[in-house]
Amino acid sequence: MRVLAVIFLCGLASCSLGEKAHHTVSEFEWYGLEVTASAYNSVTWQTDGNPSIAAWGDTLYPGQKVIAVSRDLVQLGLTRNTMVKIDTLRDTFWVKDKMNRRWKNHIDIYMGTDIKKARQWGKRKLDICYAVRIDSLTSKNNLK
């Protein structure tokens, strides 16, 4: 049943995201994945260095639909600016940050400076669906 839910989520994402991002659906390969999700904020005690600067150098500000990913997920294709749909949330999120190396199979949803909202979110397992450009897959395969 869970596999069907991920397939359905990915199907919905490929239909709705293709138009919003001004890309045709055929430009992307969609993948589903179960991850652990928590939330984080732009506050000094939760980040390294400047709390408004993400790991790839992007500036974060409250209201953005951004996630941080564990570094093992980067290896799966969740790199900077990857589109992500989260099964319990309506919006499209974008990968803009990386988590500390100690985390595995984990995403952090950015919640600006609203610490109370992040704590209410807590930590949970959920399904995500993410898009990888087909041309990036082709270029990786050509290098092997």
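Which residues are linked with Asp58 in a network of salt bridges? Keep that in mind while you look at the whole chain of this predicted model, whose secondary structure comes to four helices and six strands, arranged along the sequence as α-β-β-α-β-β-β-α-β-α. Of the 144 residues, 42% count as buried, and among contacts between residues at least 6 apart in sequence, 77% join residues at least 24 apart.

Now select Asp58, which sits in the loop between β1 (28-40) and β2 (66-69), and which counts as buried because its relative accessibility is 13%, under the 20% cut-off.

Next, add Arg80, whose salt bridge with Asp58 brings the closest N and O atoms to 2.7 Å apart. Arg80 belongs to the loop between α2 (71-75) and β3 (83-86), so this pair ties together parts that are 22 residues apart in sequence. At 39% relative accessibility, Arg80 is partly exposed.

Then add Lys96, which meets Asp58 in a salt bridge with an N to O distance of 4.0 Å. Lys96 lies in strand β4 (residues 92-98), 38 residues from Asp58, and is buried, with a relative accessible area of 18%. With these selected, you have the answer to the opening question, since Asp58, Arg80 and Lys96 are linked in a network of salt bridges.

Finally, select Asp91 and Lys65, whose side chains form a salt bridge at 3.3 Å, N to O. Asp91 is in the loop between β3 and β4, whereas Lys65 is in the loop between β1 and β2, 26 residues away. Asp91 is partly exposed at 34% relative accessibility, and Lys65 is partly exposed at 35%.

Note on methods: Residues are numbered from 1 along each chain as its sequence is written. This is a predicted model: local features need pLDDT of at least 70, side-chain atom pairs count only at pLDDT 80 or more; totals for chains, interfaces and linings use all residues. Side-chain values use heavy atoms; hydrogens and water are left out. Helices (H or I, at least four residues) and strands (E, at least two) are DSSP runs, numbered from the N terminus. Buried means under 20% relative accessible area, exposed over 50%, partly exposed in between (1.4 Å probe, protein chains only). Contact means heavy atoms within 4.5 Å.
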